[in-house]
Structure formats: structure tokens, C-alpha cells
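Below are some points that I noted while going through the model, set out for discussion with the structure open alongside.

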Amino acid sequence: MRNTTVEPWVHQYVVTLYLLKALERDRRHAEAMKLSRIWGGFFERLLLRAEREHNQVKQRLRRSGCRIVLEEMTPERHYHVMYIFQGYEFHCSMMPVVLKGKCEEKLQELLGSVS
């Protein structure tokens, strides 16, 4: 059985969560840069926008009755999520290269709305 109703939202959940982690890590690295105050403010705006999107995705999943019960990194370094929807258990797995590409797309989208 394939779940097309909430599966795209689960993917967005994973992408926005991973993007938040990556932006936070990049923000910490930017603290060592010579113009760190400027970069820090820029990263803060990006983080706020990404966090807002992540929270909206979580609310949408909650409203639809979807519950994420497990998030893990597999030994093959794939990001795996198990979720319950309409009484059924579903799994979503993303390879690192795909997740990175999706995060880059989402970051480009955020960059267009942050300036």
C-alpha cells in the first residue's frame, strides 16, 4: 500500500529538519569569519524562515492525523523515518545525495524570500 496523501509532507518534514541542522552548523562556522556579525544576521533570518516552514509542515502532518514515530540514520547513511497514518505504518528513506539536493533546492527558495 502506498500513501500519496501525506508522503510529500513527510519528505518536506525531513528536508526542512535537515536544512535547519545544516544552517545551524554553517552559522557556527561563520562565527570565525571576519564579517561574522553580518553573516550571523543573515543566517538568523534564514534559520527563522526555515524553522517557520518546518513548523508549518509539522502542523499539517498533525492535522492530517500523521504521527512520526521514528527518525534514524541507517548504517548505509540513509535518513529513515517511520510514521503512522490512518492506522498503517509507513516508511520513508532518503539517500544522503538526494537529501542534500533537496536541501539545496529549499535553501535556494529561502534565499529568494529572505533578501
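1. The coordinates come from a predicted model, and a convenient place to begin is valine 57, which sits in helix H2, the helix spanning residues 36-64. Valine 57 has a relative accessible area of 5% and is buried, a classification that follows because buried means under 20% relative accessible area.

2. Once its neighbours within four places in sequence are set aside, valine 57 is in contact with Trp9, Gln12 and Tyr13. Along the chain, valine 57 is separated from proline 75 by 18 residues, and the C-alpha atoms of these two residues lie 27 Å apart in space.

3. Threonine 16 belongs to helix H1, which covers residues 7-30, and with a relative accessibility of 2% threonine 16 also counts as buried. Not counting residues up to four places away in sequence, threonine 16 touches Glu53, His54 and Lys106.

4. The side chain of threonine 16 deserves a look at the atomic level. This side chain reaches the backbone oxygen of glutamine 12 at 2.8 Å, while a polar atom of the threonine 16 side chain lies 3.2 Å from the backbone oxygen of tyrosine 13. Glutamine 12 and tyrosine 13 are also among the residues in contact with valine 57.

5. Which residues line the largest pocket? The lining consists of Leu19, Ala22, Leu23, Asp26, Lys100, Cys103, Glu104 and Leu107, and the space within this pocket comes to about 170 Å³. At least two lining residues are supplied by H1, and at least two by helix H3 (96-114).

6. Sorted by class, the lining of the largest pocket holds five nonpolar and three charged residues, with no polar residue. The charged members of the lining are Asp26, Lys100 and Glu104.

7. How many disulfides does the model contain? The count comes to zero, and cysteine 66 and cysteine 92 illustrate the point. The closest cysteine sulfur to that of cysteine 66 belongs to cysteine 92, and because the distance is 10 Å, the two are too far apart for a bond; seen from cysteine 92, the closest cysteine sulfur is likewise that of cysteine 66, at 10 Å. The cut-off behind this reasoning is that a disulfide requires cysteine sulfur atoms within 2.5 Å.

8. A last point concerns the accessibility of these two cysteines. Cysteine 66 is buried, with a relative accessible area of 8%, and cysteine 92 is buried as well, with a relative accessible area of 3%.

Methods:
Residues are numbered from 1 along each chain as its sequence is written. This is a predicted model: local features need pLDDT of at least 70, side-chain atom pairs count only at pLDDT 80 or more; totals for chains, interfaces and linings use all residues. Side-chain values use heavy atoms; hydrogens and water are left out. Helices (H or I, at least four residues) and strands (E, at least two) are DSSP runs, numbered from the N terminus. Buried means under 20% relative accessible area, exposed over 50%, partly exposed in between (1.4 Å probe, protein chains only). Contact means heavy atoms within 4.5 Å. A polar contact is a pair of N or O atoms within 3.5 Å; within protein, one must be able to donate a hydrogen and the other to accept it, and residues adjacent in sequence count only if both atoms are side-chain atoms. On a 1 Å grid over the protein atoms alone, a cavity is a set of points where a 1.4 Å probe fits but cannot get out, and a pocket is an open set with protein on both sides within 12 Å along at least five of seven lines; lining residues have an atom within 4 Å of a point. Grid points are joined across faces, edges and corners, and a volume is the space filled by probe spheres set on the points.
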